[in-house]
Amino acid sequence: MQTTLTAATFRKHACEVAALIALALLPAVPSAIAQRSQKTVPKASVLFAQNCSACHGSDGRGGERAPNIATRQDVVSMPDARLRAIISDGIPSAGMPAFGVLGEKPVDSLVAYLRVLQGMTSGAQTRLPGDPKAGEVLFLAGASCARCHSVKGRGGFMASDLSTFARGRSVAFVENAIAHPPARAGDKDHAVTVETDGGLRLTGLVRAQNNFTLTLQTEDGKFHNIPCDMIRRQTISPHPYMPDYQNLSKEQLDNLASYLLQEAASPATIRVIASTEGSR
């Protein structure tokens, strides 16, 4: 017999789930649970709406009491087995209760629904909408994506590694992430120029700051710990470090998405559709 908990009990603890979700950054793997029958999703969607959305938001992208678990790369990168263990076993030291009493199927359903919120696809093959080679050239162009992001060791250090970002995702999700990136976190996403009393001038992103030290990462990947009492001037750029890519043409967007999808997938799970086939 399957044991269930009351909605009130779930609601009390659901917002604590993020405490453990962000504990690990693990290599991404294809989502096995996300490929199961979508018949499990409606029940999970109701469960999520009743017990999780109050903290994580109805779309999983964060609320007042819990962070984003739908698009954050550290959460997306977790294998299904890890998410299942987190939900089932909990981590008492982090304030996360164990939900294993729900039973195996409900826990699997929650993991599957989270994958849906994350934009994961269930198909075995993904049609590339453009030319991945052209997308690679565009990605690595001097003033383009590789200024901040990297793919398989090529690119910048200022933003997340996108080697596995597109794995299991739909074309629409990847293209939307490029053209409409998630809301930025205030001044932390703006370049800062620091000038010191000794004549040092550095520009980069602030990675940490307290009353004594400011840690700045520059585009070469280096971290600079600068004593606050040595800073003569600190200027924040009015423009976000990541530019707005809404001005990309449809062809450019298709090519970029194709490059990321191809790099993230294994050769056996992706099929390149040449533009000459007219399959768009």
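**Exercise 1. In this predicted model, work out how S3 and strand S4 pair, and over how many bridges.**

*Solution.* Start with the two stretches: strand S4 covers residues 201–209, and strand S3 covers residues 190–196. S3 and S4 pair in the antiparallel sense, and four bridges hold the pairing. For a landmark, find Thr-193, whose bridge partner in S4 is Thr-203. Now look at the link: the two strands form a hairpin with four residues between them. In that turn sits Gly-199, with a positive phi of about 95°.

**Exercise 2. Follow the chain onward from S4 and describe how strand S5 pairs with S4.**

*Solution.* Strand S5 takes up residues 213–217, and its pairing with S4 is antiparallel over four bridges. Gln-209 has Leu-214 in S5 as its bridge partner. Three residues make the connection in the hairpin that joins S4 to S5.

**Exercise 3. Put the strands of the open sheet in order, and find which strands stand at its edges.**

*Solution.* First, turn to the other side of S3. Six bridges join S3 to S7, and these two strands run antiparallel. His-190 stands opposite Pro-240 in S7. Next, assemble the whole: the open sheet has five strands in the order S6-S5-S4-S3-S7, with antiparallel pairing. Strand S6 (223–227) and strand S7 (231–240) are at the edges; each has a single partner strand, so one side of each has no neighbour in the sheet. Finally, the twist from one strand to the next averages 45°.

**Exercise 4. Check whether the length of helix H7 agrees or disagrees with the expected span, then say which of its residues are buried.**

*Solution.* Helix H7 runs over residues 104–117, which is 14 residues. At 1.5 Å a residue, the helix should span 20 Å. The end C-alpha atoms are 20 Å apart, so the two values agree. As for burial, H7 is mostly covered, with eleven of its 14 residues buried. Among the buried residues are Pro-106, Val-107, Leu-110, Tyr-113 and Leu-117, and the list also includes Asp-108 and Arg-115. After the helix comes Gly-119, with a positive phi near 85°.

**Exercise 5. Explore the largest nonpolar core: which residues touch the most other members, and which helix gives the most?**

*Solution.* A little background helps. In soluble globular proteins, nonpolar side chains tend to be buried together. Here the largest nonpolar core has 23 residues, and those touching the most other members are Phe-139, Val-174, Ile-178, Leu-256 and Leu-260. The elements that give two or more residues are helix H8 (132–140), helix H9 (171–179) and helix H10 (250–264). H10 gives the most, with seven residues. Take Leu-260 as a close-up: leaving aside neighbours within four places in sequence, Leu-260 is in contact with Phe-139, Val-151, Leu-162, Ala-166, Val-174 and Ile-178. Another core, of 19 residues, lies apart from this one, and Cys-52, Ala-70, Leu-110 and Leu-117 are among its members.

**Exercise 6. Why is there no bond between the sulfur of Cys-148 and the closest cysteine sulfur, and are Cys-145 and Cys-148 buried or exposed?**

*Solution.* A pair of cysteine sulfur atoms counts as a disulfide within 2.5 Å. The cysteine sulfur closest to that of Cys-148 is in Cys-145, 8.9 Å away, which is too far for a bond. Cys-145 is in no disulfide, and the count for the model comes to zero disulfides. For burial, the cut-off is under 20% relative accessible area. Cys-145, at 13% relative accessibility, therefore counts as buried. Cys-148, at 9%, counts as buried too.

Notes
Residues numbered from 1 in each chain as written. Predicted model: local features only at pLDDT ≥ 70, side-chain atom pairs only at ≥ 80, totals over all residues. Heavy atoms only, no water. Core = buried A, V, L, I, M, F, W, Y, C linked by side-chain atoms within 4.5 Å. Buried < 20%, exposed > 50% of the residue type's maximum accessible area, 1.4 Å probe, protein only. Contact = heavy atoms within 4.5 Å. Pairing = 2+ DSSP bridges. Axes fitted to C-alpha atoms, helices over the stretch in contact; angles between N-to-C directions. Expected span 1.5 Å × (residues − 1).
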